[in-house]
Structures are given as C-alpha cells and as structure tokens.
Amino acid sequence: MNSPELTVYTYDWLPEFPRGFVRDFRVRWAAEEVGRPYHIATVPSHPRSDAHRAMQPFAQVPMITDGDLTLFESGAIVLHLAEGSPLLPAAKRSEVTQWVIAALNSVEPRIGSWMTAQLAKSMPQIFGPPAPAELEAHLMTGMQGRLSALEGLMADREWITDDFSAADILLVDVLRPAQNEGALEGFPALTAYVERATARPAFQRAMKDHMAHWAAADAARQSSN
Ligand SMILES: N[C@@H](CCC(=O)N[C@@H](CS)C(=O)NCC(=O)O)C(=O)O
C-alpha cells in the first residue's frame, strides 16, 4: 500500500544564524531514517500569516501534512513518522516516548535558555538584552546539570535506548546547538554520541537538503530584488 503524501512545512527564508538548526531539520531526519519521501512547503517568516497560525497556533515551524492529517510540534511529528518503524519498536515504545519527552521538556529548555543568553550578546535586537553575568552563570550551571546526567548515561551505551530510535533523533538534535557553541567540551561521551548520530547517512541527506533549501531561498530573494 502506498503511503499518503507527506509535506513538511518550514519558513520561506531565514538569516544565516539558525540554518542547520531550524526544527524542520529533525523532521527531515526522521523522514530519511524511515524512508518516507516528502515535499517541502513554506510559510512566510515575516510577517506570519493567518494560514500559518491555522496550522500552528504559535506560528512556529515545523508542521506536516500527511494525507488528511495536519500536525505541529516536532516531537509529535517525529513520533508520528516513527510509528510502525524501528525508530519506535513496540517493545520499547514507552521508553522511547519517555526519552523524546525528556529531550524536549527537560534538556532542550536548559540548552535553549543558555543559547539565548549567548546569542543575545551579538544579536540583542532579536534575543533581548544580554544576561547579567550572574544570570549567565546560573543558566550555564542549569545546562551543565542536564549534560552531566546524560554524560553519565551515555558513557556505556551507544544509543539512549538500545537501538537507534526516535529518542536519539530528538536528543541529538537538542544537543547539537550546544555542541556548536562548544558547550559539550568536557563531555566526551556526549560528543561521541552526537558524532555517531550525525555520521548517519539519513542525517547527512537531511542536512544537505535542509541547507539547499536556504540556499534556494537566498537565490529566490535575490532574483526578486
Ligand atoms: N516546541 C516547538 C518549537 C518550535 C520552534 O521553536 N520553532 C522555531 C524554529 S526552529 C520557530 O518557529 N521560532 C519562531 C518563533 O518562535 O516565533 C517544536 O518543537 O516544534
């Protein structure tokens, strides 16, 4: 039986700094891992449209349509794509779901808050006023607490639950911005975990297409100017 058509929604254009980390990437990665072909559709990044809000109430990305189904929230989308595949094995379903939620609910906010403080130093117009030193130290301690716990777990495992799963897609994608900012230095097991995951052919294909999207968006913008 043929699968229904899958469409992944992302922004029509974004500046350089978030490219490689926009959350449509984790959806592309999951689609590549399970062998689901997909189309890309775009919504304007500025100004956000009512059509966008109708699909994603907070006017963020990503969203998908899969046949008649429309979904937002990257974790829900990755779990949906993982359904019936080795990314969500029946025997590990609850454990994989637990780690998907832990990645998004316990780890991503700590990394995100620290990242925002870093980005505010060079782009206060977007990320708000730079954090006072005490707050920055507090955010760093909060993030490192989560990283230390994960470092201990990953020291003697290849993937977070036995085989590579949806949980690894979310956890690694949440860790990547920290790695990019040098925050995984001193966490060798996490560094090796991210390197193992990002060497996967599905990751590489997804990243190539993700970056090609922004290059095409630049070209379209230039030709319309
Ligand atoms: N919890 C959401 C977060 C989505 C999110 O933060 N998307 C970013 C792009 S990576 C966005 O659209 N940011 C613009 C905004 O928040 O207005 C998910 O995982 O899908």
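**Helix 3 and its surroundings in a two-domain chain**

Right after helix 3 comes Gly 84, a residue with a positive phi near 75 degrees. That makes helix 3 a handy place to start looking around this model, which is a predicted one. Helix 3 is mostly covered, with seven of its nine residues buried. The buried ones are Ser 74, Gly 75, Ile 77, Val 78, Leu 79, Leu 81 and Ala 82. What do the buried residues of helix 3 pack against? Their partners are helix 1, strand 3, strand 4, helix 4 and helix 7, the last of these spanning 166-180.

Now for the chain as a whole. The domain assignment splits it into domain 1, made of 6-86 plus 202-217, and domain 2, made of 90-199. Measured out in space is not the right phrase for a model, but the computed C-alpha centres of domain 1 and domain 2 lie 20 Å apart. Where the domains meet, 11 residues of domain 1 are in contact with 12 residues of domain 2. On the domain 1 side of that meeting place, helix 1 (24-34) and helix 3 (74-82) are the elements that give two or more residues. That side of domain 1 divides into nine nonpolar residues, one polar and one charged.

The largest nonpolar core has 52 residues, and the members that touch the most other members are Ala 30, Val 78, Ala 166, Ala 167, Leu 170, Leu 171 and Leu 190. Where does this core sit relative to the two domains? Domain 1 and domain 2 both give residues to the core, so it lies between them. This goes along with a broader trend: in soluble globular proteins, nonpolar side chains tend to be buried together. Val 78 ties this part of the story back to helix 3, being one of the buried residues there. Ala 167 shows what the contacts look like for a single core member: leaving aside residues up to four places away in sequence, Ala 167 touches Val 96, Trp 99, Val 100, Ala 103, Ile 160 and Thr 161.

Next up are the strands. Strand 1 (residues 6-11) and strand 2 (residues 39-43) run parallel and are joined by five bridges, with Val 8 standing opposite Ile 40 of strand 2. Strand 1 also pairs with strand 3 (residues 63-66), this time in the antiparallel sense and over four bridges. Across that pairing, Thr 7 has Thr 65 as its bridge partner, and Tyr 9 stands opposite Met 63. Strand 3 in turn pairs with strand 4 (residues 69-72), again antiparallel and over four bridges. Here Met 63 stands opposite Phe 72. Strand 3 and strand 4 form a hairpin with two residues between the strands, and Gly 67 in this hairpin takes a positive phi near 60 degrees.

A few backbone oddities turn up in the loops. The peptide bond from His 46 to Pro 47 is cis, with omega near -10 degrees, and Pro 47 is found in the loop between strand 2 and helix 2 (50-55). Another cis peptide bond joins Val 61 and Pro 62, with omega about 10 degrees; Pro 62 has its place in the loop between helix 2 and strand 3. Ala 59 lies in the loop between helix 2 and strand 3 as well, and its phi is positive, near 55 degrees, although Ala 59 is not a glycine. Glu 73 is another non-glycine residue with a positive phi, of about 75 degrees, and Glu 73 lies in the loop between strand 4 and helix 3. Is Glu 73 buried, exposed or partly exposed? With 16 other C-beta atoms within 10 Å, Glu 73 counts as partly exposed.

Several of these loop residues come back around the ligand. Which residues surround the ligand? They are Val 22, Arg 23, Gln 60, Val 61, Pro 62, Glu 73 and Ser 74. By type, this shell divides into three nonpolar, two polar and two charged residues. So the cis pair Val 61 and Pro 62 shows up in the shell together with Glu 73.

Finally, Lys 121 sits in helix 4 (residues 93-122). Lys 121 is exposed, since just 11 other C-beta atoms lie within 10 Å. From Lys 121 to Val 22 the gap is 99 residues in sequence and 20 Å in space, C-alpha to C-alpha.

Definitions and conventions. Residues are numbered from 1 along each chain as its sequence is written. This is a predicted model: local features need pLDDT of at least 70, side-chain atom pairs count only at pLDDT 80 or more; totals for chains, interfaces and linings use all residues. A nonpolar core is a set of buried Ala, Val, Leu, Ile, Met, Phe, Trp, Tyr and Cys residues joined through C-beta atoms within 7 Å. A residue is buried if 20 or more other C-beta atoms lie within 10 Å of its own, exposed if 12 or fewer, and partly exposed in between; C-beta atoms are placed from the backbone. Domain bounds come from an automatic or database domain assignment. Two residues are in contact if their C-beta atoms, placed from the backbone, lie within 7 Å. A residue is near a molecule or strand if its C-beta atom, placed from the backbone, lies within 6 Å of it. Ala, Val, Leu, Ile, Met, Phe, Trp, Tyr, Cys and Pro count as nonpolar, Asp, Glu, Lys and Arg as charged, and the others, Gly among them, as polar. Two strands pair if DSSP finds at least two bridges between them.
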